[in-house]
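Subject: Structure for you to look over

Hello,

Here is the structure I said I would pass on. Please open it first; my notes follow below.

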Amino acid sequence: MNRLIPRSSAAQPAPPGVMVIFGASGDLAKRKLLPALYNLMTDGLLSDHFRIIAVDRRDRGAEAYREYIDTAAREYIKNGLSAELWQELLQRIHYLSGDFQNADTYTRMSSLLDDIAANHHTGGNCLFYLATPPDTFGEIATQLHAAGLAMEQGDQWRHLVVEKPFGRDLATAKALNKTLQAAFDEDQIYRIDHYLGKETVQNILTYRFANSTVEPIWNHRYIDHMQITVAESIGVESRGGYYDKAGALRDMVPNHLLALLSTVTMEPANSLDGNAVRDEQAKILRAIQPIPPEQVLTQVVRGQYGEGTLANGGTAAAYRDEERVDPNSATETFVAMKVMIDSWRWAGVPFYLRTGKRMPGRYTEIVVQFKEAPNMMFRDALLRGEQVPPNTLVLRIQPNEGIGMSFNAKVPSPIPQISPVEMDFNYSDYFGGGPTTGYETLLYECMNGDPTLFKRADVIESSWELVEPILDVWSALPPRNFPNYTAGSWGPREAEDLIARDGRAWRPCNVCNSGK
């Protein structure tokens, strides 16, 4: 029987400070940031001396913004809402109207921060959150520096949070890092990837390094291969303008998928110190074998969805018919790839990554398939040509976070028979299903100055170095068969061929949907 384990109450409220949200009227603020702050307040993890400055181009006052966000963000607060706590959070919001490119905006921001520090005892601490289009990141950071707002004095902290995408390619990523580092010190910059805020991703390190039964077999001697899948059932929705310039490769691989890969394959760090952990993740990314241009078309698959039928029976339009998408677009909405890591631990172990839109379900998981056990002892219990099924470990990131393990057991019968069975751990069964947006932990750690879950400049650049040859080949050889998978399917046939050439197969999709 599952037992509910109380969540720890040892965590202390974050230190006093002001969170300045650039782009405060956008989707990110209403869907994630304000609900995450509310959840932190509910858990007692926000200081009584915490305040918010909402910065946006719209000319309105604080009360008008509070009325807007009250209506806009409510639907994204899950599992009930305390009207009293929500109103308390809203009353902590100040509003600043201004152009992000105008120095006067930052002069007025500096005065407002001084007033808030004097009246609400925030200590001058500041978290600048760039919930804005990526082409504004460098400009905002530069303006903050010019206004003296990046400067830290005494125990005061000033942190800059940057959302993805971190550039469009290696050159633009390097240019952005150079601009950000000219305005803020590297240890002040927090490049955020919300996947790293999910409990299962954080638990990967605990599962691997805090269990003596796991780490000894976490290597090429016992593991046959791994699969990392990030599937989305939605299309591009209202993001067609951005997505048609980015595509699945840029949008997902250098950040989400490689973040998961580096976490599940890194060597143990000497401590949980942020830089110690990120050092090991950076080593893994540098150890990934570059994909030569002549192998891109065999090691990487791209796809674009056409019209199709969804699991709920509805009909989905083709990608090229989506709003703000070029009707002749060659942008990929699906990517699958095979990568190898040049290290002792992972010698000869392939890693298969895939991500796509308009797939039958929404889920993210890491599948660890172990090598087959010798079957000589059980040959009489198996049909001719059969093998003992390999053990499989599944780390579920979303939607039902948890860990599943398949192993072999004897079927009750006078005749020896073997069948795989499932052992399953769900977070909600043991720790409860508290409301979360995936941003709570990240915001809390940023306020506390812990960089472990955030990306360093070298990690960003190493990720783009892996992706760059693929972008170059795809740019030179546009696809001729788009669209090549129907909406509501699991991607193009070439993705199945990619893994089948090695005598392997993607984890069955009916299992994926079951959450087991």
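How many strands form the open sheet with mixed pairing, and in what order? There are 8 strands, and the order is 8-12-13-7-14-15-16-17. Please keep in mind that this is a predicted model.

The mixed sheet

Two strands stand at its edges, strand 8 (300-303) and strand 17 (418-426). Each has a single partner strand, so one side of each has no neighbour in the sheet. From one strand to the next, the twist averages 15 degrees.

Strand 7 (residues 223-231) pairs with strand 13 and with strand 14, in opposite senses. With strand 14 (residues 363-370) the pairing is antiparallel and runs over 8 bridges; Q227 has V367 of strand 14 as its bridge partner. With strand 13 (residues 350-356) the pairing is parallel and runs over 6 bridges; here M226 has F351 of strand 13 as its bridge partner. Of the 9 residues of strand 7, 8 are buried, so the strand is largely enclosed by the rest of the structure.

Strand 13 is also joined to strand 12 (residues 334-340), by 7 bridges, and these two run antiparallel. In that pair, V339 stands opposite F351 of strand 13.

Two helices that pack on this sheet are worth finding. Helix 8 touches strand 7, strand 12, strand 13, strand 14 and strand 15 (392-398). The direction of helix 8 makes about 140 degrees with that of strand 13. Helix 14 (residues 493-500) touches strand 7, strand 8, strand 12 and strand 13. Its direction makes about 10 degrees with that of strand 12.

The parallel sheet

Another open sheet has 6 strands in the order 3-2-1-4-5-6, and its pairing is parallel. Strand 3 (93-97) and strand 6 (189-191) are the edge strands, each pairing on one side only. The twist in this sheet averages 20 degrees from one strand to the next.

At the strand 6 edge, 3 bridges join strand 5 (residues 158-162) to strand 6, and the two run parallel. L160 has I189 of strand 6 as its bridge partner. Helix 4 (residues 103-120) packs on this sheet and touches strand 1 (17-22), strand 2 (50-56), strand 3 and strand 4 (126-130). Its direction makes about 165 degrees with that of strand 3.

Cavities

Rolling a probe the size of a water molecule over the atoms shows where empty space is left. A search of the whole structure finds 3 cavities of 30 Å³ or more. The largest cavity holds about 80 Å³ of space.

Which residues line the largest cavity? They are L196, A259, S262, T263, R278, Q281, T452, L453, F454, K455, R456 and V459. By class, the lining has 5 nonpolar, 4 polar and 3 charged residues. Helix 8 (240-265) and helix 9 (274-287) each supply at least two residues of this lining. The largest share, 3 residues, comes from helix 8. Helix 8 is thus worth a second look: as noted above, it packs on the mixed sheet, and it also contributes to the lining of the largest cavity.

Regards

Notes:
Residues numbered from 1 in each chain as written. Predicted model: local features only at pLDDT ≥ 70, side-chain atom pairs only at ≥ 80, totals over all residues. Heavy atoms only, no water. Pairing = 2+ DSSP bridges. Helix = DSSP H or I, 4+ residues; strand = E, 2+ residues; numbered from the N terminus. Axes fitted to C-alpha atoms, helices over the stretch in contact; angles between N-to-C directions. Contact = heavy atoms within 4.5 Å. Buried < 20%, exposed > 50% of the residue type's maximum accessible area, 1.4 Å probe, protein only. 1 Å grid on protein atoms, 1.4 Å probe; cavity = no way out; pocket = protein on both sides within 12 Å on 5 of 7 lines; lining within 4 Å. Points joined across faces, edges and corners; volume = space filled by probe spheres on them. Nonpolar A, V, L, I, M, F, W, Y, C, P; charged D, E, K, R; others polar.
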